[in-house]
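Subject: A structure for you to look at

Hi there,

I am handing over the structure I mentioned, with some notes to help you find your way around. Please have a look at it first, and then read on.

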Amino acid sequence: MNWLSIAADVLWILALSIMASSARAAWNRMDAEVRVPMIGGWRAPRNLALPLPVLAAFAVGLALLWGHHRAPDLAYNVIFFGLRATLAAVIAMIHLQWLKGALTALEAEGALKS
């Protein structure tokens, strides 16, 4: 394990913690029977819709971590660091934008707790 891998791990941990904390805040604003708008126009139950993106991001992070640990030299380590750092930020921003849109739609429908 090298310092680039550790730095990328820290960035993924930060991104996942931001995603999980925002999902938890949204969870507290919804009743259990609320169906959350998903990307693509369909709706999923709250118990599936909120943890699913965080778990999917965790799986992507694990796959990238596995690839990073198999990097044979410094050039590959730098490439994997850049890839992991960029994807951590991009995935977290996409999640926050989706969650903001879902909460806005649910608020317009009156489906959120006050």
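A good place to begin is glutamate 33, which sits in the loop between α1 and β1. Please keep in mind throughout that this is a predicted model. With a relative accessible area of 63%, glutamate 33 is exposed. If you look for alanine 111, 78 residues away along the chain, you will find its C-alpha atom 9.7 Å from that of glutamate 33.

From that loop, step back to helix α1, residues 3-28. Its 26 residues reach 37 Å from the first C-alpha to the last, close to the 38 Å expected at 1.5 Å a residue. The N-terminal end of α1 is capped by asparagine 2, where a side-chain oxygen lies 3.1 Å from the backbone nitrogen of leucine 4. Several residues of α1 are buried, including Leu4, Asp9, Trp12, Leu16, Met19 and Ala26. Helices α3 and α4 are among the elements that cover the buried residues of α1.

Alanine 8 is a nice residue to zoom in on, and it too belongs to α1. Is alanine 8 buried or exposed? Its relative accessible area is 0%, so alanine 8 counts as buried. Setting aside neighbours within four places in sequence, alanine 8 is in contact with Phe81 and Arg84. For a sense of distance, the C-alpha atoms of alanine 8 and serine 21 are 20 Å apart, with their positions 13 residues apart along the chain.

Now for how the helices pack. Two packed helices are described by the angle between their axes and the distance between the axes. For α1 and α3 (residues 51-69), the axes come within 10 Å and cross at roughly 175°. An angle over 145° counts as roughly antiparallel, so that is how α1 runs relative to α3. By class, their contact has 15 nonpolar, 4 polar and 1 charged residues. On the α1 side, the residues that meet α3 include Trp12, Leu16, Met19 and Trp27. On the α3 side, Pro53, Phe58, Leu64 and His68 are among the residues that meet α1.

How do α1 and α4 (residues 74-109) pack, and at what angle? Their axes are 9 Å apart, at an angle of about 10°. The two helices are therefore roughly parallel to each other. The contact of α1 with α4 has 21 nonpolar, 4 polar and 2 charged residues.

That leaves α3 and α4, whose axes come within 10 Å and cross at roughly 175°. This makes α3 roughly antiparallel to α4. The residues of their contact divide into 12 nonpolar, 4 polar and 1 charged. If you would like to find the contact on screen, α3 brings residues including Val54, Ala57, Val60 and Leu65. From α4, those meeting α3 include Phe80, Leu87, Ile91 and Trp98.

While you are on α3, have a look at tryptophan 66, which lies in that helix. Tryptophan 66 counts as exposed because its relative accessibility is 57%, and the cut-off for exposed is over 50%. Its C-alpha atom is separated by 19 Å from that of alanine 89, 23 residues away along the chain.

Finally, α4 itself. This helix has 36 residues and reaches 52 Å from its first C-alpha to its last, close to the 52 Å expected at 1.5 Å a residue. Among its buried residues are Asn77, Arg84, Ala92, His95, Trp98 and Leu106. What do the buried residues of α4 pack against? They pack against α1, β1 (35-37), β2 (43-45), α2 (46-49) and α3.

Lysine 100 also has its place in α4. At 55% relative accessibility, lysine 100 counts as exposed, whereas Arg84 is one of the buried residues of the helix. Lysine 100 and arginine 84 are 16 residues apart in sequence and 24 Å apart in space, C-alpha to C-alpha. Just after α4, glycine 110 takes a positive phi of about 75°.

Happy exploring, and do write back with any questions.

Best wishes

How values were computed: Residues are numbered from 1 along each chain as its sequence is written. This is a predicted model: local features need pLDDT of at least 70, side-chain atom pairs count only at pLDDT 80 or more; totals for chains, interfaces and linings use all residues. Side-chain values use heavy atoms; hydrogens and water are left out. Axes are lines fitted to C-alpha atoms, for helices over the stretch in contact, and angles run from 0 to 180 degrees between N-to-C directions. Helices (H or I, at least four residues) and strands (E, at least two) are DSSP runs, numbered from the N terminus. Angles under 35 degrees count as roughly parallel, over 145 as roughly antiparallel, 65 to 115 as roughly perpendicular and the rest as oblique. Contact means heavy atoms within 4.5 Å. Ala, Val, Leu, Ile, Met, Phe, Trp, Tyr, Cys and Pro count as nonpolar, Asp, Glu, Lys and Arg as charged, and the others, Gly among them, as polar. The expected span of a helix is 1.5 Å times one less than its number of residues. Buried means under 20% relative accessible area, exposed over 50%, partly exposed in between (1.4 Å probe, protein chains only). A polar contact is a pair of N or O atoms within 3.5 Å; within protein, one must be able to donate a hydrogen and the other to accept it, and residues adjacent in sequence count only if both atoms are side-chain atoms.
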